[in-house]
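Trainee: I'm new to this one. Could you take a close look at a single part for me, the salt bridges?

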Amino acid sequence: MYFSSLFPYLVLICFLARALLLKGSIDGIRHMFTPKLEIMLEAKVWREAATQVFFALGLGFGGVIAFSSYNKRDNNCHFDAVLVSFINFFTSVLATLVVFAVLGFKANIMNSKCVALNTNKIVVLLGNGIEPSLIPHHINLTQVSQVTAEDYHQMIQIIKGVEEDEYPKLGLEPCSIEDELNQAVQGTGLAFIAFTEAMTHFPASPFWSVMFFLMLINLGLGSMFGTIEGILTPLIDMFKVRKEFLTVGCCVLAFSIGLLFVQRSGNYFVTMFDDYAATLPLLIVVILENVAIAWFYGIDKFLEDLKDMLGFTPYRFYYYMWKYITPILLLVLLCSSFIQLTMTPPSYSAWIQEEAIEKILHFPPWGIAVCISLVVMAMMPVPVVFCLRYFNIIDEHTGGLSTVSYKKGRVIKESPRPEDDDDASLIHGKTPSEVPSPMPGKSIYRKQSGSGGTEVDTAPNGRYGIGYLMADMPDMPESDL
């Protein structure tokens, strides 16, 4: 994990240092910090921005919750949350600087090619549509390679001013770096086309290409660690399954689905899954998590839990953010996204081979059915599990190794059920730090502070988490924590 976490930073810093030494990198960075306020009125921009935050911080996937179940009970989660947010912010800025610096370099190269091509057009048109006297004397058209972008722009401004009516027929392009940067691709095209093409112009380009794709593979594996852990941990905690078999099963299933994306039409399915399986459902899941904690469980009880864990009262700022501001903003974003999706039918960008152009086409009926199915399947576990628990088809005791609940105070473990086989226990002979999620072993207790009351042994590693009874006050209802 240390390698997978630190290696991308090393590569990004090396790329940034190298990119800043290339011609045009400052143009790309300047373009990055130039705001375009008109696009901020589009709901799609805000939805994609929210999705990017969810992806970057791992929100809504379950990975953060799964990893946090391994923490000590008194772990300072407030400090962790703030630290991770700042690290994520600076990482995003660093990666964006690298991308725009490299794209600025690529735009400069493409602009130089455009200037050379159109300068040759001017040479051909001299005396046949363009008067030679219109060319400034300091510009030497006999050596086209020495004509700069500033010289070319000066020529076309003069030609446009004199030959105003005939200028469109000349077919001269503006050759602007800004236009090249505005045409920058996104998504898979950015990593596998634009960035890769720019690296071919680097000195020692094979080295940088190897480093770049090693970084991409490393980032993909690192992301999947958290995603798979978010799937495995709750299943292993609820059911008696071997982690090795479940992990192999999940990976084989994911690999089988991934074969869909390596066909010739795979890029269309990648776009479909990205737009409908990973954005809108993720937004809905985060809203449900927020509402469940702030309104159903109770924001006051949640803050009391944090106070008991942290040893201090969290800032009141969080109370209003979690209960009012965040859910309202997310609901507004969700509603605007639904309205936009309703007004604009699902479409995709398709390459028309016969015409050698790219067109925006609408999905066929079966494609729309797949898009709807992706959204529904991503959301299905929430109502299904709710109904199963509401009608007592499954309960919290299903598949558990022991029955536990929560109250404030010391940790007590209830007796395991008679039908549980200790020999088959996944945590037999292990400390809580070795199991998928902190669950109570046979003698994992801690001594209660104070002279009176029942004394119990200290946990081997001092960790307390999911699977322990908090019972300092026997008369307090279980929902008070």
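Mentor: Here is a walk through some of the salt bridges, one pair at a time.

First, some ground rules: this is a predicted model, where local features need pLDDT of at least 70, side-chain atom pairs count only at pLDDT 80 or more, and totals for chains, interfaces and linings use all residues. Residues are numbered from 1 along each chain as its sequence is written, and side-chain values use heavy atoms, with hydrogens and water left out.

Side chains of opposite charge can pair when their charged atoms come close. Here a salt bridge means a side-chain nitrogen of Lys or Arg within 4 Å of a carboxyl oxygen of Asp or Glu, and that rule gives four of them.

One of them joins Asp27 to Arg30, with the closest N and O atoms 2.9 Å apart. Both sit in helix α2, residues 25-32 (helices are DSSP runs of H or I, at least four residues, numbered from the N terminus). They are three residues apart, about one turn of the helix. Arg30 is partly exposed because its relative accessibility is 47%; buried means under 20% relative accessible area, exposed over 50%, and partly exposed in between, using a 1.4 Å probe and protein chains only.

Next, Lys243 meets Glu229 at 3.8 Å, N to O. This pair links distant parts of the chain, with Lys243 in helix α11 (residues 243-258) and Glu229 in helix α10, 14 residues apart. Lys243 is partly exposed at 30%, whereas Glu229, at 12%, counts as buried.

Then there's Glu244 with Arg242, at 3.3 Å from N to O. Glu244 is partly exposed at 46%, and Arg242 is partly exposed at 45%.

How values were computed
Helices (H or I, at least four residues) and strands (E, at least two) are DSSP runs, numbered from the N terminus.
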